[in-house]
Amino acid sequence: MTAPCLWALLLLWACTVDPYRTYDGRKNPDPSQDQMDAKDYHRGARRRELRECRRCCDPGEESAHQHSYQQYPQYQIVPQINITLLKGEKGDTGERGPYGKSGRAGQMGPSGAGGVKGNKGSMGLQGEPCKYYFAAFSVARKKGLHSNDYYQTLVFDTELVNLYGHFNMFTGKFYCYVPGIYYFSLNVHTWNQKETYLHVMHNEREVVILYAQPSDRSIMQSQSLMLELERDDQVWVRLFKGERENAIFSDEYDTYITFNGHLIKPKSQL
């Protein structure tokens, strides 16, 4: 136990006596050389301490760190302001601006689904019964006639059909009481060697002419037409006298002159 402790103390003393001495493998080292190496080592360490321990506020050479910092740009710290803390109170609503131009019409979309069938409605009021309107007449003349005036109304003496009395036998005129479309026809017999010249009149307007030149023999002449009449319109026949004598033939035994008319369709159904 005593021997190991003794060896440990000797080893510790050897290390503390010459801590800076290095063994280079030579057999007889020079002791003066060891002293010179120790001095140089302490002198170099002192210079390193002086360089590293320089204060940043001392004048003189700038440190290596300062030279390294100059290679990079210097940054400034900008304070950040919270805008929300400076936000004021909400202002009043401004006036409404003008409407903009209308855009283009879009494409029509697909048809929607059909809705649910509704309930049956209540029955309405009973309508008026369908009304049928009639108007018809057929009159004749058994006596011949010579025109003494330039305009002479043709009056009839025989009533064949006169529904509701719309044709006036005294004036020789048909009076319209049911407005609508009417059909009229006129038939006469000419007189030998005399001119036949008649007008079918609508109120005071000449509508159609029935005409035959003088001839050695008498013949039957006819004229027909349709008119659209309003209420209180009049339809009648007149003789026109020109340079020649105008006449129509008939006798008491046979009927040669007839005037007919009837309603085709009332105006309410047009």
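**Note on salt bridges, core and surface**

1. Glutamate 230 is partly exposed, at 34% relative accessibility. The model is a predicted one. Glutamate 230 forms a salt bridge with lysine 267, and the closest N and O atoms are 3.0 Å apart. The pair ties together parts that are 37 residues apart in sequence, because glutamate 230 sits in the loop between S10 and S11 and lysine 267 in the segment after S13. Lysine 267 is partly exposed, with a relative accessible area of 41%.

2. Salt bridges come to three in the count. A second one joins arginine 238 to glutamate 206, where the closest N and O atoms are 2.2 Å apart. This pair links distant parts of the chain: arginine 238 belongs to strand S11 and glutamate 206 to strand S9, 32 residues apart. Is arginine 238 buried or exposed? Arginine 238 counts as buried because its relative accessible area is 10%, under the 20% limit. Glutamate 206 is partly exposed, at 41%.

3. Lysine 194 and glutamate 245 make another salt bridge, with 3.6 Å between the closest N and O atoms. Again distant parts of the chain are linked: lysine 194 is in the loop between S7 and S8, glutamate 245 in the loop between S11 and strand S12 (247–248), and 51 residues separate them. Lysine 194 has 16% relative accessibility, so this residue counts as buried. Glutamate 245, at 43%, is partly exposed. As a general point, side chains of opposite charge can pair when their charged atoms come close.

4. Now the overall picture. The chain has four helices and 13 strands. Of its 270 residues, 23% are buried. The exposed area is about 22400 Å², and carbon and sulfur atoms supply 53% of that area. Contacts between residues at least 6 apart in sequence join residues at least 24 apart in 71% of cases.

5. Which residues touch the most other members of the largest nonpolar core? They are Leu154, Tyr182, Phe184 and Phe259, in a core of 29 residues. Two or more residues each come from strands S1 (136–141), S7 (180–189), S8 (196–202), S9 (205–212), S10 (220–229), S11 (234–240) and S13 (257–266). S7 gives the largest share, four residues.

6. Phenylalanine 259 deserves its own point. Leaving out residues up to four places away in sequence, phenylalanine 259 touches Phe137, Ser138, Val139, Phe156, Phe167, Phe184, Ser185, Leu186, Val235, Trp236 and Val237. Phe184 in that list is also among the core residues that touch the most other members.

7. Asparagine 162 lies in strand S4. Its relative accessible area is 19%, so asparagine 162 counts as buried; the cut-off is under 20%. The side chain makes a polar contact of 2.8 Å with the side chain of glutamate 159. A polar atom of the asparagine 162 side chain also lies 3.3 Å from the backbone nitrogen of histidine 166. Beyond neighbours within four places in sequence, asparagine 162 contacts Ala136, Phe137 and Phe167.

8. Leucine 163 is in the loop between strand S4 (158–162) and strand S5 (167–168). This leucine is partly exposed, with a relative accessible area of 31%. Where does leucine 163 appear on the surface? Leu163 helps make a nonpolar patch of about 670 Å², together with Tyr132, Phe134, Leu160, Val161 and Tyr164. Leu163 can belong to a patch because its 31% passes the required value of over 30%.

9. Finally, backbone angles. Most residues other than glycine have a negative phi. Asparagine 203 has a positive phi, near 60°. This asparagine is in the loop between S8 and S9 and is partly exposed, at 26% relative accessible area. Aspartate 232 also has a positive phi, near 75°. Aspartate 232 is found in the loop between S10 and S11. At 53% relative accessibility, aspartate 232 is exposed. Glutamate 230, from point 1, lies in that loop between S10 and S11 too.

How values were computed:
Residues are numbered from 1 along each chain as its sequence is written. This is a predicted model: local features need pLDDT of at least 70, side-chain atom pairs count only at pLDDT 80 or more; totals for chains, interfaces and linings use all residues. Side-chain values use heavy atoms; hydrogens and water are left out. Patches are made of residues with over 30% relative accessible area and no salt bridge: like charges are joined within 9 Å, nonpolar side chains (Val, Leu, Ile, Met, Phe, Trp, Tyr) within 5 Å. Accessible areas come from the Shrake-Rupley method with a 1.4 Å probe; for residues, only the protein chains shown count as cover. A salt bridge is a side-chain nitrogen of Lys or Arg within 4 Å of a carboxyl oxygen of Asp or Glu. Buried means under 20% relative accessible area, exposed over 50%, partly exposed in between (1.4 Å probe, protein chains only). A polar contact is a pair of N or O atoms within 3.5 Å; within protein, one must be able to donate a hydrogen and the other to accept it, and residues adjacent in sequence count only if both atoms are side-chain atoms. Contact means heavy atoms within 4.5 Å. A nonpolar core is a set of buried Ala, Val, Leu, Ile, Met, Phe, Trp, Tyr and Cys residues joined through side-chain atoms within 4.5 Å.
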